[in-house]
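Hi,

Here is the structure I said I'd pass on. Have a look first, and then read on for what turned up when I went through it.

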Amino acid sequence: MSDNGKLVGIVLVSHSGPVAESVATLATGLAGGGTAPVAAAGGTEGGGLGTSSELIAAAAHRVDRGAGVAILVDLGSAVLTVKALIAEGDELPDGARLVDAPFVEGAVAAVVTASAGADIAAVEAAAREAYEYRKV
Amino acid sequence: MLDADFFRRWLTTAAAAVDREAERLTELDSPIGDADHGSNLQRGFTAVAATLEKEAPDTPGAVLTLAGRQLISTVGGASGPLYGTLLRRTGKALGDAAEVGAAEFADALRTGVDAVAALGGAAPGDKTMLDALVPAVDALPTSFAAARAAAHEGALATTPLQARKGRASYLGERSIGHQDPGATSSALLFEALAETAEGAGHE
């Protein structure tokens with residue numbers, strides 16, 4: 001369990017706003033109501049394809065309950081932007097971390113685990129484990 | 001010695017160069033990328049020039065740190081966090097001195113280039129901006145002009161390479177024969193640096 005029963009927040013970063021939103025809806029739906037806080041940060045602020053550090057930082061602060069924030073990303077600039085923010089800046093809340101996981105499967109695992117009250121390490125482990133889920 | 005004004009002029013000169021070359025950068029990014037490198041950098045460097053004008057930071061480190069932060073938040077593509085990290089890490093390495101020597105700047109810039117390599121996981125020869133940045137920082141202790149020439153040659157030398165990082169790497173052998181847009185924009189930065197140094201009487 002996380003400290004003080006606080007829930008880990010999840011941020012989903014995609015190049016596409018609709019992809020991030022849809023994966024958030026999918027993951028919270030599969031976790032079944034009353035879930036950990038989840039925020040989508042997809043696309044640019046203008047609604048185009050790309051990555052916005054401002055949307056990512058805003059989403060991370062929105063879901064931060066003091067138990068850490070797990071950030072899942074799709075590829076390219078989404079990965080690099082989150083890494084750069086974590087390595088250099090003060091834009092993200094303390095305890096935010098980039099989780100190495102497949103975007104959709106990892107998001108489902110992270111939201112389900114976080115909703116059960118797990119701490120950030122367990123949420124990260126569950127999301128990473130989604131890489132092991134073979135389909136054939 | 002190089003003061004805050006020198007670095008502000010460097011980045012303003014770079015912004016003008018990016019603005020002038022934006023179309024060419026996007027053209028280079030069309031066959032092997034997603035045709036947004038010029039417009040992304042143009043947006044980023046325009047914002048950098050505006051914020052430096054407005055906030056007028058008074059140390060070299062603060063100029064570079066602010067510019068890096070601005071690139072990360074406005075570019076919207078992978079070049080944002082990469083160039084942002086380059087400037088921000090270089091700025092941090094310079095600390096809060098009011099003036100820095102050319103050798104100190106060369107060392108700091110190497111720290112910045114190393115941070116770019118760590119962030120993107122690329123190495124020279126992968127057909128990325130590092131193919132211009134690494135030879136340029138190697139040559140910088142010699143002179144600003146030598147760094148400009150090395151960056152330019154490094155960018156040209158990416159043409160026969162096969163991309164091993166980023167979207168272009170999905171193209172495999174089809175990425176051969178195109179000059180890398182990131183290495184090309186990196187060469188523009190060193191061109192702007194040499195121009196600024198010549199204007200200030202540093203060789």
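Let me start with a salt bridge inside chain A: the side chains of Arg97(A) and Glu124(A) meet at 2.7 Å, N to O. Since Arg97(A) sits in strand β4 of chain A and Glu124(A) in helix α5 (residues 120–129) of chain A, the pair ties together parts that are 27 residues apart in sequence. Arg97(A) is partly exposed, at 31% relative accessible area, whereas Glu124(A) is buried, at 17%. Do keep in mind that this is a predicted model.

Now for the interface. Here 14 residues of chain B are in contact with 15 residues of chain A. The two chains bury about 1300 Å² between them, with 50% of that on carbon and sulfur atoms. Which three residues give the most on the chain B side? They are Gly76(B), Arg88(B) and Leu119(B), which supply 34% of the area that chain B buries against chain A.

Salt bridges show up here too. The search finds 13 over all chains, and three salt bridges lie across the interface of chain B and chain A. Arg69(B) pairs with Asp90(A), with the closest N and O atoms 3.1 Å apart. Arg69(B) also forms a salt bridge with Glu91(A), at 3.7 Å between the closest N and O atoms. That second pair runs from the loop between α3 (77–88) and β4 (96–98) of chain A, where Glu91(A) is, to helix α3 (residues 60–74) of chain B, where Arg69(B) is. Glu91(A) is buried at 17% relative accessible area, while Arg69(B) counts as partly exposed at 36%.

Glu91(A) has another partner: its side chain meets that of Arg88(B) in a salt bridge of 3.3 Å, N to O. Through shared partners, Asp90(A), Glu91(A), Arg69(B) and Arg88(B) are joined into one network.

Arg88(B) deserves a closer look. Is this arginine of helix α4 (residues 79–94) of chain B buried or exposed? Arg88(B) is buried, because its relative accessible area is 2% and the cut-off for buried is under 20%. Its contacts come from both chains: among them are Ala84(A), Leu85(A), Glu88(A) and Gly89(A) from chain A, and Leu64(B), Thr65(B) and Ile72(B) from chain B.

On to the nonpolar cores. The largest has 75 residues, and Phe7(B), Leu11(B) and Phe105(B) have the most contacts inside it. Helix α1 (residues 4–32) of chain B gives the largest share of this core, 10 residues. Phe7(B) touches, among others, Pro60(B), Val63(B), Leu94(B), Val100(B) and Phe105(B). A second, separate core of 24 residues includes Ala27(A), Ala36(A), Ala118(A) and Val123(A).

Back in chain A, strands β1 (residues 9–14) and β2 pair in the parallel sense over five bridges, and Val11(A) has Ala39(A) as its bridge partner in β2(A). Together with helix α1 (residues 17–31) of chain A, the two strands make a right-handed β-α-β unit. Four of the five residues of β2(A) (residues 38–42) are buried, so this strand is largely enclosed by the rest of the structure.

One last spot is Pro135(B), found in helix α6 (residues 130–139) of chain B. Pro135(B) counts as partly exposed, at 25% relative accessibility. Pro135(B) touches Leu130(B), Ala150(B) and Gly154(B). Gly154(B) is 19 residues away from Pro135(B) in sequence, with 6.7 Å from C-alpha to C-alpha.

Cheers

Terms used
Residues numbered from 1 in each chain as written. Chains lettered and ligands numbered in written order. Predicted model: local features only at pLDDT ≥ 70, side-chain atom pairs only at ≥ 80, totals over all residues. Heavy atoms only, no water. Buried < 20%, exposed > 50% of the residue type's maximum accessible area, 1.4 Å probe, protein only. Contact = heavy atoms within 4.5 Å. Pairing = 2+ DSSP bridges. Right-handed = clockwise from strand over helix to strand, strands pointing away. Core = buried A, V, L, I, M, F, W, Y, C linked by side-chain atoms within 4.5 Å. Buried area = accessible area lost by both parts, 1.4 Å probe. Salt bridge = Lys/Arg side-chain N within 4 Å of Asp/Glu carboxyl O. Lists of a residue's contacts leave out its neighbours within four places in sequence.
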